[in-house]
Each structure stands twice: as C-alpha cells, then as structure tokens.
Amino acid sequence: MARLAARPNTAVKVSGLGNVTRKREVVLKAIELFGVPRAMFASNFPVDSLRSTFSAIFSSFDSITSACSEAERRLLFHDNAVRIYRMEQQ
C-alpha cells in the first residue's frame, strides 16, 4: 500500500472490511498513507450486508474518524468521492 500511496495519482476507497479484527488500525493506516485528500469511505452493499448492516459500517467509520476535523470528515465521507468519481453537478 505504501508503494501505491507514493504515486500522487492514486486514491484509496476504504470499504469491504467485513470482520477485520483491527478495523481502526487498517482505516487509520490507509488515511495516513494516502492522506485525507486521497481517501474515501464506501460500502459494498448489498454484498457487505452478508457481514454487517449499513448503519454499523457507517458508525464504525464515524467513530474511527471522531478526532478528525469537520472538513476532513466531509472529504472522507463525501467530497473526495464526488471529486475522484467526477460526480460534480454540471
């Protein structure tokens, strides 16, 4: 991941963690490697529903990022996906 993160044209979508035992560590490491501007959260529903509920997945990302600023959380939960997937309104 570190080698991939070293490339400035890459980003990471944090999702599909299932029953990872050290979820907090995995999420924070991804954010550390890529930086907030190149990281985003997602779910893989409906496949993720085999392991968890959408509410539980969102709550875990919410809890893990509770120390982040509001601006950082907006990037992680919304703005980065809009920018990276080019979903801006025309």
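**Note on a predicted α/β chain**

1. Read along the sequence, the protein chain runs α-β-α-β-α-α. That is four helices and two strands. The radius of gyration is 13 Å, close to the 12 Å that the globule rule gives for 90 residues, so the chain is as compact as a globular protein of that length. Please keep in mind that this is a predicted model.

2. Overall dimensions. The C-alpha trace spans about 35 × 30 × 25 Å along its principal axes. Of the 90 residues, 30% count as buried. The accessible surface comes to about 6,200 Å². Carbon and sulfur atoms hold 55% of that surface.

3. Contacts along the chain. Take the contacts between residues at least 6 apart in sequence: 64% of them join residues at least 24 apart. The loop residues in points 5 to 7 give individual cases.

4. Charge. The chain carries 13 positive and 8 negative side chains. The centres of the two sets lie 8 Å apart.

5. Thr 65. This residue is found in the loop between α3 (54-64) and α4 (70-84). Is Thr 65 buried or exposed? Its relative accessibility is 0%, under the 20% limit, so Thr 65 counts as buried. Its side chain has two polar partners to inspect. One is the backbone oxygen of Phe 61, reached at 2.9 Å. The other is the side chain of Arg 73, in a polar contact of 2.7 Å. Arg 73 is also among the residues that Thr 65 touches when those up to four places away in sequence are not counted. That list further includes Ile 31, Phe 41, Leu 76 and Phe 77.

6. Val 36. This one sits in the loop between α2 and β2 (39-41). At 13% relative accessibility, Val 36 counts as buried. Which residues does Val 36 touch, not counting those up to four places away in sequence? They are Ile 31, Glu 72, Leu 75, Leu 76 and Asn 80. Ile 31 and Leu 76 also appear in the contact list of Thr 65. A useful distance to check is Val 36 to Cys 68. The two residues are 32 apart along the chain, and their C-alpha atoms are separated by 9.6 Å.

7. Ser 15. Its place is the loop between β1 (12-14) and α2 (23-34). Ser 15 is buried, with a relative accessible area of 16%. Leaving aside neighbours within four places in sequence, Ser 15 is in contact with Ala 42, Ser 43 and Asn 44. With Asn 44 there is a polar contact as well: the two side chains are joined at 3.4 Å.

8. Cis peptide. Where is the cis bond? It runs from Phe 45 to Pro 46, with omega near 10°. Pro 46 lies in the loop between β2 and α3. Keep this bond in view when preparing the model.

9. Backbone at Arg 86. Phi is near 50°, a positive value in a residue other than glycine. Arg 86 lies in the segment after α4. Its relative accessible area is 73%, over the 50% limit, so Arg 86 is exposed.

10. In brief. Thr 65, Val 36 and Ser 15 are buried residues in loops. Arg 86, by contrast, is exposed. For backbone geometry, the entries are the cis bond before Pro 46 and the positive phi of Arg 86.

Key
Residues numbered from 1 in each chain as written. Predicted model: local features only at pLDDT ≥ 70, side-chain atom pairs only at ≥ 80, totals over all residues. Heavy atoms only, no water. Rg over C-alpha atoms; globule rule 2.2 N^0.38 Å. Buried < 20%, exposed > 50% of the residue type's maximum accessible area, 1.4 Å probe, protein only. Contact = heavy atoms within 4.5 Å. Areas by Shrake-Rupley, 256 points an atom, 1.4 Å probe, with all protein chains shown as cover. Lys, Arg positive; Asp, Glu negative; His and termini not counted. Charge placed at Lys NZ, Arg CZ, Asp CG, Glu CD. Polar contact = N/O pair within 3.5 Å; in protein donor to acceptor, adjacent residues only side chain to side chain.
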